[in-house]
Amino acid sequence: MRMRAMKTITHWIGGKPWEGEPERTGPVFNPATGRQAAEVAFAGAAEVDRAVGAARKAFEDWRSVSLTRRQNIMFAYRELITRHRLDLARILTAEHGKTLDDALGEVQRGLEVVEFACNIAHLIKGEFSEQVSSAVDTYTVRQPLGVAAGITPFNFPAMVPMWMFPIAIACGNTFVLKPSEKDPSASLLNAELLAEAGLPDGVFNVVHGDKAAVDAILAHPDIAAVSFVGSTPIARYIYEQGTANGKRVQALGGAKNHMIVLPDADMDLAADAAVSAGYGSAGERCMAISVVVTVGEAADRLLPKVRERIADLVVGPGDSDGAQMGPLVTAEHRDRVAGYVDAGEAEGARLLEDGRGFTSEGHEDGFFFGPTLFDGVTKDMSIYRDEIFGPVLSVVRTDSYQEAIDLINVNPYGNGTAVFTNDGGAARKFQAEIEVGMVGINVPIPVPLSFYSFGGWKDSIFGGHSIYGPEGVHFYTRPKVVIARWPDPIHRGVDLGFPQHR
Ligand code: NAD
């Protein structure tokens, strides 16, 4: 084997790290320093096939392991994550760039799904009806699908995979995860913790890579289901290819989340919310607020408060004391965000705060971008239309509440949204009429806890299956209905008519 100068992050197949020589690799950066920290092996069809083979073999036994044993493994895994949560968070900060505090929050939100999966014996219960016809009972059982695959984005390298595999595995499936190639290490720590928790080899596998690995997953005949979270164009592609190949697919896409501020809102609360939800994780959240829609004179009272808060934000390396916002994930992404700010200016929006050219002292090569604020944004501008996925907040002014609601309802995305008001009737109208899957009322980032399910509408989801929670259990199982009659003294003889259940 050739000696490599740089640390190579490799796949996890059949309960151990893969020891082969990768044909291709990709760089993994520390976004705060701007330096490459490692390289990651890229899987092709052969490595994907090996991982699916391990998962397929493990499924034969795993599907029959008792529910209580599966729960025990989930409990043990839960304890291990709790013990290693700082290790996991440090990995997230090192490869993604988010602050350590934010990374701990990410681990916590993933952990909640594990806790939900600890209760699988209850969640997977079927239904039973006695005496549906004379001496006939009917019941349903929910059975696992087989090998499920997960393809996940860079922005939540621990939490989004944890939306998927704990439930898939607890339901009796085996799993192949293809995490983002930009921050792949959290998945490997998870693989080690699952093994330590007693998960049999092959039940959880990780293959790294790019489109080649994804296409091999979509084409593999032994993969029954694919869960995807990422941008809208790729979500659409995964859904179309996966379903064309006969797989069950849930594909969650991108977002452009609007927050309406009515003139009667508590402006301090709204300003806190806009800044927290706009710039948290440097705007690299699918539930980030990227558009603030003000109604009437709300903007004139809100904007000074937003700007005061922006002035106090501390931007710096995610592991530095007091940092509230870290760098963007890569130099390319930072340049793309800067390109949108250039375009916004050229298209006539008023640039109130400009994050271009921001540097963090001592980390001049890091991929930093300062908080950016536009006023006077209109529907035709690219900063309004596109998902920027950076710390750029756009303010759109409207004259009426109905105009604000209509703006959201014609937007192709429908992931999250929020209204800020003290008027219960206005809030109720919003909840009833808004065409978005997750709605906040005086809550800017309405991410449901693990016992509800997460999912947007319109171009923010393909396939209609929300993720985790009760819908996760449904996605990773299929119902089987059994109609049973045990030996019965009444033998009615042959009857070719359709049963009429009397
Ligand atoms: P992305 O779509 O670029 O990548 C997601 C995954 O798809 C990665 O594993 C990547 O390797 C793979 N991929 C990328 N290009 C591909 C291609 N051409 N063919 C096949 N596979 C490909 O997304 P990202 O940049 O990693 O993440 C950010 C995006 O994810 C944003 O759009 C964000 O809104 C979205 N997101 C959505 C949710 C949600 O719940 N709806 C949650 C988190 C992130």
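**View 1. Two domains share the job of surrounding the ligand.** In this predicted model, domain 1 (8-253 + 460-482) and domain 2 (257-441) each give at least three residues to the shell around the ligand. As for where that is, the ligand sits in the largest pocket.

**View 2. Here's the shell around the ligand, sorted by class.** You'll find 14 nonpolar, 9 polar and 4 charged residues in it. If you like to think in helices and strands, look for α7 (211-219) and β11 (223-229): each of them supplies at least two residues of this shell.

**View 3. Meet the residues that come nearest to the ligand.** There are 27 residues around the ligand, and of these Thr152, Lys178, Glu181, Ser231 and Glu387 come nearest. Two of those names, Lys178 and Ser231, turn up again in the next view.

**View 4. Zooming in on oxygen atoms of the ligand.** Start with serine 231, where an N or O atom of the side chain is 2.6 Å from a ligand oxygen. Lysine 178 also uses its side chain, with a polar atom 2.7 Å from an oxygen atom of the ligand. With phenylalanine 154, look at the backbone instead: a polar atom there is 3.0 Å from a ligand oxygen. So how much of the ligand does the protein bury? On its own, the ligand exposes 850 Å², and the protein buries 88% of that.

Terms used: Residues are numbered from 1 along each chain as its sequence is written. This is a predicted model: local features need pLDDT of at least 70, side-chain atom pairs count only at pLDDT 80 or more; totals for chains, interfaces and linings use all residues. Side-chain values use heavy atoms; hydrogens and water are left out. A residue is near a molecule or strand if one of its heavy atoms lies within 4 Å of it. A polar contact is a pair of N or O atoms within 3.5 Å; within protein, one must be able to donate a hydrogen and the other to accept it, and residues adjacent in sequence count only if both atoms are side-chain atoms. Accessible areas come from the Shrake-Rupley method with a 1.4 Å probe; for residues, only the protein chains shown count as cover. On a 1 Å grid over the protein atoms alone, a cavity is a set of points where a 1.4 Å probe fits but cannot get out, and a pocket is an open set with protein on both sides within 12 Å along at least five of seven lines; lining residues have an atom within 4 Å of a point. A molecule sits in a cavity or pocket if more than half of its atoms lie within 2 Å of its grid points. Helices (H or I, at least four residues) and strands (E, at least two) are DSSP runs, numbered from the N terminus. Ala, Val, Leu, Ile, Met, Phe, Trp, Tyr, Cys and Pro count as nonpolar, Asp, Glu, Lys and Arg as charged, and the others, Gly among them, as polar. Domain bounds come from an automatic or database domain assignment.
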